[in-house]
Amino acid sequence: MRALLPSIFVVALSSMPPQAVAEEPAGWVLDSRATAQQLAGRLITELTQALAESPAAAIRVCSERAPAIAAEVSAATGATVGRTAARVRNPANAPTEWQQRGLEYFATQLAAGAEPASLEFTETLVVDGHTLRRWMKPVMTAPLCLTCHGAALAPEVAAAVGERYPADQATGFAVGDLRGAVFVAWDEAARP
Ligand code: HEC
């Protein structure tokens, strides 16, 4: 009986498809997901409230609150959190070199038919003895986003956007398009 055990074990293992042995994500990946979720949750709450008032009010929320919320979540978590995109509204959100690579990875995967929710970009590197962690997740265009990022903006929305963002590139999106990404970057030494 005892001699049988190892062979049963081997049979069970070899019949498992490779996808079934998915690794438990590392702690820093779980922390990144939670941090991104905080940013997204707070943004969507404030955006939805402001949209109920007027799109112009919501643009104010986006332009004043989005950077402030990102700064608050960064301060509270020890990470650097924010949003970026290939085509940005605010030039301050333009992607860095690694964020550009993350965005290109998402675009390639989506074009090949990947599920947006399954996509995640991760990178670890050591610079001057510091372990740096980088994480990104795609942000897709939802119906709610079209008011301010769609192909046809209402005149008052276009005016409010044009006033604050004369170099705006973030229109012309359709539902399901890759709008951008949320990123989280850590110095491992500073991660709580
Ligand atoms: C009320 C108008 C409005 C709506 C609705 C809106 N956005 Fe934005 N969005 C903005 C503004 C304004 C900015 C620039 C914010 C800043 O200055 O950081 C922005 C910036 C962004 C950015 C950062 C990159 C960039 O272009 O500067 C992303 C990503 C983004 N929006 C995604 C979305 C998604 C996804 C939705 C729908 C869930 C959405 N937005 C809905 C107005 C809007």
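# Exercises on a predicted chain and its ligand

By class, the shell around the ligand is made up of 16 nonpolar, four polar and four charged residues. The model used in these exercises is a predicted one.

## Exercise 1: The surroundings of the ligand

Work out which residues come nearest to the ligand, which atom is the protein donor of its iron atom, and which elements give two or more residues to the shell.

*Solution.* Start with the iron atom of the ligand, whose only protein donor is the NE2 atom of His149, at 2.1 Å. Next, place this residue in the chain: histidine 149 is found in helix 5, which covers residues 146-149.

Then widen the view to the 24 residues around the ligand, of which Arg89, Cys145, Cys148, His149 and Arg179 come nearest.

The oxygen atoms of the ligand can now be paired with side chains. An N or O atom in the side chain of arginine 179 lies 2.6 Å from an oxygen atom of the ligand. For asparagine 90, an N or O atom of the side chain is 2.8 Å from a ligand oxygen, and for asparagine 93 the distance from a side-chain N or O atom to a ligand oxygen is also given as 2.8 Å. As for the elements, two or more residues of the shell are given by each of helix 2 (27-53), helix 3 (55-77), strand 1 (80-84), strand 3 (130-140) and helix 5. Helix 3 provides the largest share, with five residues.

## Exercise 2: The plan of the chain

Describe the order of helices and strands along the sequence, and state what share of the residues counts as buried.

*Solution.* First count the elements: the chain has six helices and four strands. Reading along the sequence then gives the pattern α-α-α-β-α-β-β-α-α-β. Of the 192 residues of the chain, 31% count as buried. Finally, consider the contacts between residues at least 6 apart in sequence, of which 67% join residues that are at least 24 apart.

## Exercise 3: The nonpolar cores

Find which residues of the largest nonpolar core touch the most other members, and which elements supply at least two residues of this core.

*Solution.* A general tendency serves as the starting point: in soluble globular proteins, nonpolar side chains tend to be buried together. In this chain the largest nonpolar core has 15 residues, and Leu39, Val81, Trp135 and Val184 are those that touch the most other members. At least two residues of this core are supplied by each of helix 2, helix 3 and strand 4 (178-187), and the largest share, five residues, comes from helix 2.

Take leucine 39 as a worked case: when residues up to four places away in sequence are not counted, leucine 39 touches Ile69, Ala70, Val73, Val81, Gly82, Arg83 and Val182. There is also a second, separate core of 10 residues, which includes Trp98, Leu110, Met136 and Ala185.

## Exercise 4: Buried or exposed?

Decide whether serine 32, arginine 133, proline 25 and alanine 151 are buried, partly exposed or exposed, and add what surrounds them.

*Solution.* The cut-offs needed are these: buried means under 20% relative accessible area, exposed means over 50%, and partly exposed lies in between.

- Serine 32 is found in helix 2, and counts as buried because its relative accessibility is 0%. A polar atom of its side chain lies 2.7 Å from the backbone oxygen of tryptophan 28. Beyond its neighbours within four places in sequence, serine 32 is in contact with Trp135, Val184 and Trp186.
- Arginine 133 lies in strand 3, and is buried because its relative accessible area is 18%. Its side chain makes a polar contact with the side chain of threonine 124, at 2.9 Å.
- Proline 25 has its place in the loop between helix 1 (4-14) and helix 2, and counts as partly exposed because its relative accessibility is 25%. Not counting residues up to four places away in sequence, proline 25 touches Leu30 and Arg33.
- Alanine 151 is in the loop between helix 5 and helix 6 (155-164), and counts as exposed because its relative accessibility is 72%. Leaving aside its neighbours within four places in sequence, alanine 151 is in contact with Gly172 and Phe173. From C-alpha to C-alpha, alanine 151 and alanine 174 are 7.3 Å apart in space, while in sequence they are 23 residues apart.

Notes: Residues are numbered from 1 along each chain as its sequence is written. This is a predicted model: local features need pLDDT of at least 70, side-chain atom pairs count only at pLDDT 80 or more; totals for chains, interfaces and linings use all residues. Side-chain values use heavy atoms; hydrogens and water are left out. Donors are N, O and S atoms within 2.8 Å of the metal (3.2 Å for Na, K and Ca); water is not among the atoms, so sites may look incomplete. A residue is near a molecule or strand if one of its heavy atoms lies within 4 Å of it. A polar contact is a pair of N or O atoms within 3.5 Å; within protein, one must be able to donate a hydrogen and the other to accept it, and residues adjacent in sequence count only if both atoms are side-chain atoms. Ala, Val, Leu, Ile, Met, Phe, Trp, Tyr, Cys and Pro count as nonpolar, Asp, Glu, Lys and Arg as charged, and the others, Gly among them, as polar. A nonpolar core is a set of buried Ala, Val, Leu, Ile, Met, Phe, Trp, Tyr and Cys residues joined through side-chain atoms within 4.5 Å. Buried means under 20% relative accessible area, exposed over 50%, partly exposed in between (1.4 Å probe, protein chains only). Contact means heavy atoms within 4.5 Å.
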